[in-house]
Amino acid sequence: MEKTVYLEFCNDGEMDVNALRLLGASSKEDDDTKIGFWGTGLKYAIAVLLRENIGIRVFSGKKEIKIGKRKTKMRGETFDVMTVNGTPTSVTTRMGKDWELWFAIREIYANMKDEGGEIIGIKDTAVGEIGKTYIYVEFNEQMKVIFNNIDSYFNFKRTPKYIVGNNKIYDRKNQNKGIIYRRGFKVSEYEDLRFDYDLYDVTINESRVIKNDYDMHASMSRMLKKAGDELVSDIVTSRCYETRLLDWKWYDGITYSESWLRVLSGITII
């Protein structure tokens, strides 16, 4: 019998089992340093994995929290309901129905990072440890694709080309599209961006994607107004998304840096 291989996630602290049972319950709502705060993401992530029939095991300390699903009927329709230690929750596998599979991995990793001491790796055993939370996801072919392209989803190992305040800018990974991250996690992508961006305060929705283009434009505009000479020159001389589609007339009380005057001096703008 072939041994199961797992994508392993670990963080400091032992998970409260209610974090898997209660929708909308979060201890992060008033903590701006945290990535997640809705109290739904981890449940959605597990729902997606269960829907895709991808195995998942959770350990709080050395004790395993058993995750499963069972069928239930409502008005003649059958639903798969997530169970925790054999007890049905209110979470069905239809939750997160517009989520891609990598959204689930992003959510698990984001939760780990919020707790601190996060580790992600490949293991062929699933065990717990006192004082830790471990989540193991079956490392199938779909997981391999995500893991082999992990820098496209999480930028924590990438070296920024520019830093502007809390925002980071990277050489683009994808030939045709630029990635938008928020605090290290991919939240969208746009064609023709000059760079990949990590926009610290861009607004996202409950699915952890950018709320709308307006919010992305506003966040990027505020950041680029503070840019230094080299970054301004790079943007100005490129026929890219930033120069064509951002609303440079939009007023937010932030003045342009002196770099813009230096770089644009003598350049005709149409």
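Five strands form an open sheet in the order E3-E2-E8-E1-E7, with antiparallel pairing; strands are DSSP runs of E with at least two residues, helices are runs of H or I with at least four, and both are numbered from the N terminus. Two strands count as paired if DSSP finds at least two bridges between them. Strand E3 (63-65) and strand E7 (119-123) stand at the edges with a single partner strand each, so one side of each has no neighbour in the sheet. Neighbouring strands of this sheet are turned by 25° against each other on average, direction ignored. Axes are lines fitted to C-alpha atoms, for helices over the stretch in contact, and angles run from 0 to 180 degrees between N-to-C directions.

This is a predicted model, in which local features need pLDDT of at least 70 and side-chain atom pairs count only at pLDDT 80 or more, while totals for chains, interfaces and linings use all residues. Residues are numbered from 1 along each chain as its sequence is written, and side-chain values use heavy atoms, with hydrogens and water left out.

Within the sheet, E1 and E7 pair in the antiparallel sense over 5 bridges, and Phe9 stands opposite Ile120 in E7. Helix H2 packs on the sheet and touches E1, E7 and E8 (contact means heavy atoms within 4.5 Å); the direction of H2 makes about 25° with that of E1.

An open sheet of 3 strands has the order E4-E5-E6, again with antiparallel pairing. Its edge strands are E4 (67-74) and E6 (87-92), each paired on one side only. The twist averages 45° from one strand to the next. E4 is joined to strand E5 (residues 77-84) by 8 bridges, and Thr72 stands opposite Phe79 in E5. Helix H1 (residues 41-51) lies across E4, E5 and E6 and runs at about 85° to E4.

The two sheets are set side by side below.

| Strand order | Average turn between neighbouring strands |
|---|---|
| E3-E2-E8-E1-E7 | 25° |
| E4-E5-E6 | 45° |

The largest nonpolar core has 39 residues, of which Phe9, Leu20, Ile67, Ile108, Ile135, Val137 and Met143 touch the most other members. Such a core is a set of buried Ala, Val, Leu, Ile, Met, Phe, Trp, Tyr and Cys residues joined through side-chain atoms within 4.5 Å. Buried means under 20% relative accessible area, with over 50% exposed and the range in between partly exposed (1.4 Å probe, protein chains only). Elements that each supply at least two residues of this core include E1 (6-12), H1, E5, H2 (101-115) and E8 (132-138). The largest share, 9 residues, comes from H2. Leaving aside neighbours within four places in sequence, the contacts of Val137 include Phe9, Leu49, Ile108 and Met143.

A second, separate core of 25 residues includes Val164, Val187, Leu231 and Ile235. In helix H6 (residues 229-236), Leu231, Val232, Asp234 and Ile235 are buried. These residues cover an arc of only 160° around the axis, which puts them on the same side of H6; the arc is that of the directions from the helix axis to the C-beta atoms. Among the elements that the buried residues of H6 pack against are strand E9 (162-164), helix H5 (213-224) and helix H8 (258-264).

The protein chain has 8 helices and 13 strands, and 48% of its 270 residues count as buried. Its C-alpha trace spans about 70 × 40 × 35 Å along the principal axes.
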